[in-house]
Each structure stands twice: as structure tokens, then as C-alpha cells.
Amino acid sequence: TYCEINQIRAKSATPDGTVNKLYAMFVEESLKTAEESQLENKNPEFAQLMQEFRDGNLLYELMGTKVWNKAMQDTLGLKAFYETVKTKFMHPQRVEASIVTVKAADLKGMQKQLKKLDVAGVQKLKANAKNKDNTIETGMYEKGSNPIIDKVTWKEGIATPITNADGTVTLVKIHRVMAPMPKRLDEARGYVIADYQTELEKQWITELRTKYPVKVNEPVLRSLYK
């Protein structure tokens, strides 16, 4: 059977030469296979390494089932866990604001227009804007996220215009000031999952300790200190 499978690897000028090569290959591979099968019996260090490898694979599979995959797939459990820890994942104070930059000549007209608009109105204004020299943006901002927002007082209404070096003027309208609040689950999902995995691991270890209590062999323990 071995000759039939490996004859191309041992091609020679004569049939005898091919058979001799095949036999030498067969002996070498058979000896290697036999030696490998006995490695754990002959080499205690290798046996220990293999056991650690098997234990590691087993632990990895169990962690996947009991902790990692469960934390990502158990949507109801994740939501319930989020409710208990959501104050850990907070948005700082933020403002919902519009930032509009115009030429100085357009300042008064834009102030008058901006005074009447909510966020949706500003977004519509941006979509319909014909003057490409004007820039309009809206968003949620926290301290440090936008240098222009950091310059104005955080109270509802239009802030004092900011004159830029190029002669343009920037208007900021604060639509609302938002107190610190927990992030939604979708906003903090990665962090919540990580904490949920930690919690599931703690629960699993507690179950294992209850089911399989650790018993210390005192004489053996004391012998380690000699």
C-alpha cells in the first residue's frame, strides 16, 4: 500500500532502485511514527507540555461557550446587565449646536435666519444652501471636541459672533444644553460586553468552586516549605 501511494516520490532508473528507495522511506517514516507515539511515555517534560496544551484548548473552548460567545449572543442578559452598570458609561455635559460660518456682509441676514431655526431647520438650510462660501454643520459636542464650541458660553441661543482671520464670521447657535447622562447600550456596547464577560467569568468560577470545593492536603502543603 505504501509503495502504491508513494511510488512517484521514489522514482528510479530501475524497479529494484525504486523498491529500495521506497523501503528506506517506509522504514524511516514508520520509525518516526512509532517514536512520536511514545514521546509522552519517554519524555515527561513533553508529556507535561502536551497536557498543558490539551488543558489550554479545553479552557479556551469552555471560555468561549461560558463567557465570550455568551456575552455577545445573550442579548437579553446583556440588556439586563447594562441596566445595572449604565452609570459607569456616561456622556459628559454636551450641547446640541449649529456652527455657521459666513462672509461678514451676510452676518445680519444669517443671524436673523438662524434665530428662527431648530436643528432640522439648520440641516435643511445646509441642504438647500446655494452660497458655497458659507459652511454649516450641526451636531452633539462635548468639551474639547470642537475648538469653536469651546469658545462660546454654553447656554441656549445664538452666541456672540466670532470673527475669523480671513474676514469671515462664525455663528454658533446652542439648541440645547444636555446634562451628563448614561450612554445608550449601542453607544457603549463594546465596553459593556467586556464587563459582562468579566461578570460571567466570575459567576462561572463561583459555580465551579461551589460544585468542586478545593481541599488542601496540609501535609503536602507543609512539605513544600521544607
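In this predicted model, K143 lies over the face of W154, 4.1 Å from the centre of the ring. Aromatic rings also meet one another in the structure, which has 4 aromatic pairs.

Helix α5 offers a clear view of how one element is placed among others. The helix spans residues 107–115, and its buried residues are L107, M110 and L114. Seen along the axis of α5, these buried residues fall within an arc of 65°, so they line one face of the helix. The general geometry of helices fits this pattern: an α-helix has 3.6 residues a turn, so residues three or four places apart point the same way. On the face of α5 turned away from the buried side are the exposed residues K108, K112 and K115. The buried residues of α5 pack against β2 (94–102), α6 (119–128), β4 (157–158) and β6 (169–178).

Strand β6, one of these packing partners, contains H175. H175 counts as buried because its relative accessible area is 15%, under the limit of 20%. The side chain of H175 is joined to that of S98 by a polar contact of 2.7 Å. Beyond its neighbours within four places in sequence, H175 is in contact with E96, A97, S98, L117, D118, V119, V122 and E156.

E96, one of those contacts of H175, also takes part in a salt bridge with R176, in which the closest N and O atoms are 2.7 Å apart. R176 belongs to strand β6 and E96 to strand β2, so the pair ties together parts that are 80 residues apart in sequence. The two partners differ in exposure: R176 is partly exposed, at 36% relative accessibility, whereas E96 is buried, with a relative accessible area of 16%.

The structure holds 10 salt bridges, and others among them can be followed in turn. E28 and K32 form one, with their closest N and O atoms 3.5 Å apart. Both residues lie in helix α2 (residues 15–42), 4 residues apart, or about one turn of the helix. E28 is partly exposed at 45% relative accessibility, and K32 is likewise partly exposed at 49%. A further salt bridge joins the side chains of E35 and K42, at 3.1 Å from N to O. Here E35 is partly exposed, with a relative accessible area of 38%, while K42 counts as exposed at 56% relative accessibility. Finally, R184, D186 and E187 are linked in a network of salt bridges.

Conventions: Residues are numbered from 1 along each chain as its sequence is written. This is a predicted model: local features need pLDDT of at least 70, side-chain atom pairs count only at pLDDT 80 or more; totals for chains, interfaces and linings use all residues. Side-chain values use heavy atoms; hydrogens and water are left out. Buried means under 20% relative accessible area, exposed over 50%, partly exposed in between (1.4 Å probe, protein chains only). Helices (H or I, at least four residues) and strands (E, at least two) are DSSP runs, numbered from the N terminus. The arc is that of the directions from the helix axis to the C-beta atoms. Contact means heavy atoms within 4.5 Å. Rings of Phe, Tyr and Trp (its six-membered ring) pair if their centres lie within 6.5 Å; planes under 30 degrees apart count as stacked, over 60 as edge-to-face and the rest as tilted. A charge sits over a ring if NZ of Lys or CZ of Arg is within 6 Å of the ring centre and within 35 degrees of the ring normal. A polar contact is a pair of N or O atoms within 3.5 Å; within protein, one must be able to donate a hydrogen and the other to accept it, and residues adjacent in sequence count only if both atoms are side-chain atoms. A salt bridge is a side-chain nitrogen of Lys or Arg within 4 Å of a carboxyl oxygen of Asp or Glu.
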